[in-house]
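Trainee: Please take a close look at the largest pocket of this protein. What volume does the largest pocket have, and which residues are closest to its centre?

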Amino acid sequence: PNEAVSRVFPIRSGMACCSLRELIEIDGVAIDPAKNRWWTCSINGSRKRVAPHLTKLKAGDLVEWTFIEDSQ
């Protein structure tokens, strides 16, 4: 999913939590762990959280990125 979104928008990867390959910015909109703002990824409409940098896509997969701010 990271490589797929990078074909459409400029991205920046780095370590937000656990890996240097995590997506930390899409098209100038960056995550902010201190404010609990994150990019989340779903594949084929699944509500299950995925690790985009570890997920392999198959032909026909639908990838959706959503920017969320969790107020917790």
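Mentor: The protein averages a pLDDT of 85, and 96% of the residues score at least 70; pLDDT is the predictor's confidence in each residue, from 0 to 100. This is a predicted model, in which local features need pLDDT of at least 70, side-chain atom pairs count only at pLDDT 80 or more, and totals for chains, interfaces and linings use all residues. Residues are numbered from 1 along each chain as its sequence is written, and side-chain values use heavy atoms, with hydrogens and water left out. Among the elements, helix H1 (residues 2–6) has the lowest mean pLDDT, 79, and strand E3 (residues 29–30) the highest, 94.

The secondary structure comes to one helix and five strands, in the order α-β-β-β-β-β from the N terminus. Helices (H or I, at least four residues) and strands (E, at least two) are DSSP runs, numbered from the N terminus. The radius of gyration is 12 Å, close to the 11 Å that the globule rule gives for 72 residues, so the protein is as compact as a globular protein of that length. That radius is taken over C-alpha atoms, and the rule is 2.2 Å times the number of residues to the power 0.38.

Now the pocket. The largest pocket has a volume of about 520 Å³. Of the 25 residues that line it, Trp39, Thr40, Arg49, Val50 and Pro52 are the closest to its centre. On a 1 Å grid over the protein atoms alone, a pocket is an open set of points where a 1.4 Å probe fits, with protein on both sides within 12 Å along at least five of seven lines; lining residues have an atom within 4 Å of a point. Grid points are joined across faces, edges and corners, and the volume is the space filled by probe spheres set on the points.

Two or more lining residues come from each of E2, strand E4 (37–43) and strand E5 (63–69). E4 gives the largest share, five residues. By class, the lining has 12 nonpolar, seven polar and six charged residues; Ala, Val, Leu, Ile, Met, Phe, Trp, Tyr, Cys and Pro count as nonpolar, Asp, Glu, Lys and Arg as charged, and the others, Gly among them, as polar.

One residue of E2 (residues 22–26) is Glu22. Glu22 is buried, at a relative accessible area of 12%, where buried means under 20% with a 1.4 Å probe and protein chains only. Beyond neighbours within four places in sequence, Glu22 is in contact (heavy atoms within 4.5 Å) with residues including Asn2, Arg12 and His53.

Technical notes:
Buried means under 20% relative accessible area, exposed over 50%, partly exposed in between (1.4 Å probe, protein chains only).
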